[in-house]
Amino acid sequence: AMLNLSDYSSPDRLIRALTFYAKAEDALAEVEGVAAKKRALQAYERAAEAINQHRKSLHYDESKFLLNAKAETIYEDALVVALSLYESEGDQKYFDAAFRFAERGKVSGLIDAISESGALKFGGVPDSLLVQEKEFRTLITHYEKMVKRHSSDQERAAAFSGQLFELERQYGELTRKLESRYPAYYELKYADHEITVAEATN
């Protein structure tokens, strides 16, 4: 059964317990399959909530720094679980969950906000595609960092590289769809040459 938040007297103990539970369920997925993987993701999501609440209670920068360092590893592991569920189940909610963990890990700050805000004004692209595009870019950036971070661990780096390759393939399909269906947006966002407002709104 899932851990009860009220059973733990300190936020640190709760976060450790939830993370341990999530890792155990993820390992159990080798035997039990998707059900255990889903329990792992649920535990990671509750750990993320606990981290967020704990961060609000801290008053010293050093304490927040230590918590953030711990949280980054948890978010990284949670992202891998969420993306694994997306690949096996094909359910968009797991892709969205992976994106949320990437954002919590501050990866979204690497996205060029100025280019983003300018491109969103033109082209008539549905919000669902814009969200999907942003999610792909964020996850690709995150996996590129993870491949580099774990370069000394060949097995883990290879696993991350495989997932990065698949994300890039799917992102390529999305950008081709944008190019064919929404050329004004594609030109503004991806083309090397300048484009006028008149061109973008035609």
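Here are some friendly questions and answers about this predicted model.

Me: Which secondary structure elements make up the protein, and in what pattern do they follow along the sequence?
Reply: Happy to start there! The secondary structure comes to 9 helices and 0 strands. Read along the sequence, the pattern is therefore α-α-α-α-α-α-α-α-α.

Me: What share of the residues in the protein is buried?
Reply: Burial here means under 20% relative accessible area. The protein has 202 residues, and the buried ones make up 39%.

Me: How much of the accessible surface belongs to carbon and sulfur atoms?
Reply: The accessible surface of the protein comes to about 11600 Å². The part belonging to carbon and sulfur atoms is 51%.

Me: Among contacts between residues at least 6 apart in sequence, what share joins residues at least 24 apart?
Reply: A contact needs heavy atoms within 4.5 Å. Among contacts between residues at least 6 apart in sequence, the share joining residues at least 24 apart is 64%.

Me: How many salt bridges does a search of the whole structure find?
Reply: Side chains of opposite charge can pair when their charged atoms come close. The cut-off for such a nitrogen and oxygen pair is 4 Å. With the whole structure searched, the number of salt bridges is 14.

Me: Lys70 forms a salt bridge with Asp12; which helices does the pair tie together?
Reply: The closest N and O atoms of Lys70 and Asp12 are 3.4 Å apart. Lys70 lies in residues 61–89 and Asp12 in residues 11–32, so the pair ties together parts 58 residues apart in sequence, namely helix α3 and helix α1.

Me: And is Lys70 buried or exposed, or does it fall in between?
Reply: Partly exposed covers the range between 20% and 50% relative accessible area. Asp12, the partner, has 30% and is partly exposed. Lys70 has 31%, so Lys70 also counts as partly exposed.

Me: Glu25 forms a salt bridge with Arg39; which of these two is buried?
Reply: The closest N and O atoms of Glu25 and Arg39 are 3.0 Å apart. Glu25 lies in helix α1 and Arg39 in helix α2 (residues 34–57), so the pair ties together parts that are 14 residues apart in sequence. Arg39 is partly exposed at 26% relative accessible area. At 10% relative accessibility, the buried partner is Glu25.

Me: How far apart in sequence are the parts tied together by Glu76 and Arg149?
Reply: The side chains of Glu76 and Arg149 meet in a salt bridge at 2.3 Å, N to O. Glu76 lies in helix α3 and Arg149 in helix α6 (residues 127–149), so the separation of the parts they tie together is 73 residues.

Me: Which residues are joined into one network with Glu76 and Arg149?
Reply: Glu76 is buried at 3% relative accessibility, whereas Arg149 is partly exposed at 37%. Salt bridges that share partners join both of these residues into one network with Lys23, Glu72, Asp77 and Arg156.

Me: Which residues does Ala48 contact, leaving aside its neighbours within four places in sequence?
Reply: Ala48 lies in helix α2, and at 3% relative accessibility Ala48 counts as buried. The C-alpha atoms of Ala48 and Ala71 are separated by 7.8 Å. Beyond the sequence neighbours, Ala48 is in contact with Tyr75, Phe101 and Arg104.

Me: Is Lys37 buried or exposed?
Reply: Lys37 lies in helix α2. Among the residues in contact with Lys37 are Glu25, Val81 and Leu85. With a relative accessible area of 18%, Lys37 is buried.

Methods: Residues are numbered from 1 along each chain as its sequence is written. This is a predicted model: local features need pLDDT of at least 70, side-chain atom pairs count only at pLDDT 80 or more; totals for chains, interfaces and linings use all residues. Side-chain values use heavy atoms; hydrogens and water are left out. Helices (H or I, at least four residues) and strands (E, at least two) are DSSP runs, numbered from the N terminus. Buried means under 20% relative accessible area, exposed over 50%, partly exposed in between (1.4 Å probe, protein chains only). Accessible areas come from the Shrake-Rupley method with a 1.4 Å probe; for residues, only the protein chains shown count as cover.
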